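Okay, can everyone see the screen? I'll put the structure up and then walk through a few spots in it.

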Amino acid sequence: MGVPEKLAERMSLAEQHEYLRARFSRRTMIRGGAVTLGAVVGGAFVPGATAEAAVPSQTTRTDEVDGSLVAPLGRHLAYGADPRTEMTVSWQVPVAVRKPYIRIGAHPWDLSRKIEAEVRTLFTPAGVGASGNHTQYYLHARLTGLRPGSTYYYGVGHDGFDPAAPHLAGTIGTFTTAPAYAEPFTFTAFGDQGVSYHALANDSLILGQNPAFHLHAGDIAYGDPTGQGKTSDTGFDSRVWDQFLAQTESVAKQVPWMVSYGNHDMEAWYSPNGYGGEEARWQLPENGPDKKNLPGVYSFVHGNTAVISLDANDISFEIPANLGISGGTQTAWLERRLREYRAAEGIDFIVVFFHHCAYCTSTAHASEGGVRQEWVPLFEKYTVDLVINGHNHVYERTDVIKSGEVSRQLPIGGTAHPETDGVVYVTAGAAGRSLYTFSADESYEGHEKENDAVSSFVCLKDGGRQQETVAWSRVRYLDYSFLRVDVTPAPKGRTATLTVRGIAETGEEVDRFTLARRA
């Protein structure tokens, strides 16, 4: 994306970002005529600025746009820190519009409440990636004070495009807040989606599961297809995000689409940490340890289940562009949050999701040594129930693991008790991008093959690989797929369950297991 490769190898992601800003002068950036200097997300155009805050931009020449000719697209939802009362509705417009807003109400015929939207503008100049001067307009409306367990109707618009108008009734969307008390619910998850036929097919199947929310474990759109977190990454194209958000809208306009950030989500042009583009496109809960450096680290509680999103780029030995960016604050925050959730009344299950794999035998990336070193001991200490990863474009599920060893075999259809048994890890990275391979045969529901000696490796801090032969690889499936998780709470003293199913793009079930915990 602009820094010579040999030079980029000696520079951190933040240093590469500064190099690009110096190379593309203020005059070059203003030439696009799309935004006023300095009024962009993450301070991308302001010398010395960081991605500390997303600032609404002031666009120019908006009086020349006929708003009736511009329709919003790419709607996507995200929970706030309290999913019972907070929701953010985000969307995109292809050109600048005047006075964007959201209408919301309890009925589709009564959208009387009108709330102004925040505009975040991204400008990508010619020479940074595959396109010419390119401006993207993202809009966000944060909704608070909502009623738990309630369905709301909403429409997004701007001057000239009023979703309350009868002829635009088809643009009305809905969302439902999390319940005030624990009740059965379903969520879905995967990683590494991108834009493809298979990605679209998975979205269609996910919509059919009627999930309360969806978890995307990093490598979201692949605007940066190289994924090394370098400004020299080839093929970067910010317009891919437009395609992704349009593709995902069928689900994300009604299901909160909760993302964590992977290596392909580090886009060096927009901010020193590589996440300025993501901060323009997403509004995630702001309850993590470091919004400046780690905007994709947060947590929320839905019913009896706590969910934690982590940024494994911070501890990745394999792809070290952001290695150590948090200075240890993320791991310290993770332990505090795990301690808090495990002690909290009414929380039965803890689910953690992030990109790089703790345990995987794919021949591409296999297992990340940084995750095993920093986080796996905490997962075991606080008896995390389920860890969901992406990165490797396969479906793989472990037995129950403690201290790197199988503490309990978990066959398809089996049940584990995390309080005593250990942690189960699932790689669900086959959401839409090209598939990887395994060193061993596939083994999945109806096609089981016992193999307690699978050859693999772990990525080390020095950039090397340590070979290992493992016995914990229980299920391996090499085709497009996603996770469906059904959570069933229970009265105090009874057993709550979390049932996990691997679902293929065909709709076929390839894996099933249950995690049980006394409430």
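**Rings, a bent helix and two buried residues**

Let's start with a cluster: ring pairs link F354, Y359, W375, F379, Y425 and W472. Keep in mind that this is a predicted model, so side-chain atom pairs count only at pLDDT 80 or more.

Stepping back, how many aromatic pairs does the structure hold? There are 18. Let me pick out a couple. One is Y154 with F175: the ring centres are 6.0 Å apart and the planes are at 40 degrees, so this pair is tilted. Y154 belongs to strand β7, residues 151–157, and F175 to strand β8, residues 173–176, so the pair ties together parts 21 residues apart in sequence. Both Y154 and F175 are buried.

Next, back in that cluster, take F354 and W375. What kind of pair do they make? With centres 5.1 Å apart and planes at 80 degrees, it's edge-to-face, because over 60 counts as that. F354 is in the loop between β14 (349–353) and β15 (367–368), while W375 is in the loop between α8 (369–374) and α9 (376–381), so here too the pair ties together parts that are 21 residues apart in sequence. Again, F354 and W375 are both buried.

Rings also turn up with charges over them. The charged end of K114 sits over the ring of Y101, at 4.1 Å from the ring centre. R433 does this with Y222: its charged end is over that ring, 3.9 Å from the centre.

Okay, on to a helix, α5, residues 240–252. Does its length come out right or wrong? At 1.5 Å a residue, its 13 residues should span 18 Å, and the end C-alpha atoms are 17 Å apart, which agrees. There is a bend, though: α5 turns by about 30 degrees at A246. And is the helix enclosed or open? Ten of the 13 residues are buried, so α5 is largely enclosed by the rest of the structure. Among those buried residues are W241, D242, F244, Q247 and E249.

Now for two single residues, starting with D385. Where is D385? You'll find it in the loop between α9 and β16 (386–389). D385 has 0% relative accessibility, so it counts as buried. Leaving aside neighbours within four places in sequence, D385 is in contact with R342, D348, F349, I350, P418, V424, L515 and R517. With I350 we can be specific: a polar atom of the D385 side chain lies 2.8 Å from the backbone nitrogen of I350. And if you like C-alpha distances, D385 and V352 are 8.3 Å apart in space, with their positions 33 residues apart in sequence.

The other one is S299, which is in strand β12, residues 298–302. Is S299 buried or exposed? It's buried, at a relative accessible area of 1%. Which side chains does the S299 side chain make polar contacts with? R337 is one of them, at 2.5 Å, and Y341 is another, at 2.8 Å. Not counting residues up to four places away in sequence, S299 touches A81, P285, N287, V307, I308 and W333, along with R337 and Y341.

That's what I had, so over to you.

Conventions:
Residues are numbered from 1 along each chain as its sequence is written. This is a predicted model: local features need pLDDT of at least 70, side-chain atom pairs count only at pLDDT 80 or more; totals for chains, interfaces and linings use all residues. Side-chain values use heavy atoms; hydrogens and water are left out. Rings of Phe, Tyr and Trp (its six-membered ring) pair if their centres lie within 6.5 Å; planes under 30 degrees apart count as stacked, over 60 as edge-to-face and the rest as tilted. Helices (H or I, at least four residues) and strands (E, at least two) are DSSP runs, numbered from the N terminus. Buried means under 20% relative accessible area, exposed over 50%, partly exposed in between (1.4 Å probe, protein chains only). A charge sits over a ring if NZ of Lys or CZ of Arg is within 6 Å of the ring centre and within 35 degrees of the ring normal. The expected span of a helix is 1.5 Å times one less than its number of residues. The bend at a residue is the angle between axes fitted to the seven residues ending there and the seven starting there. Contact means heavy atoms within 4.5 Å. A polar contact is a pair of N or O atoms within 3.5 Å; within protein, one must be able to donate a hydrogen and the other to accept it, and residues adjacent in sequence count only if both atoms are side-chain atoms.
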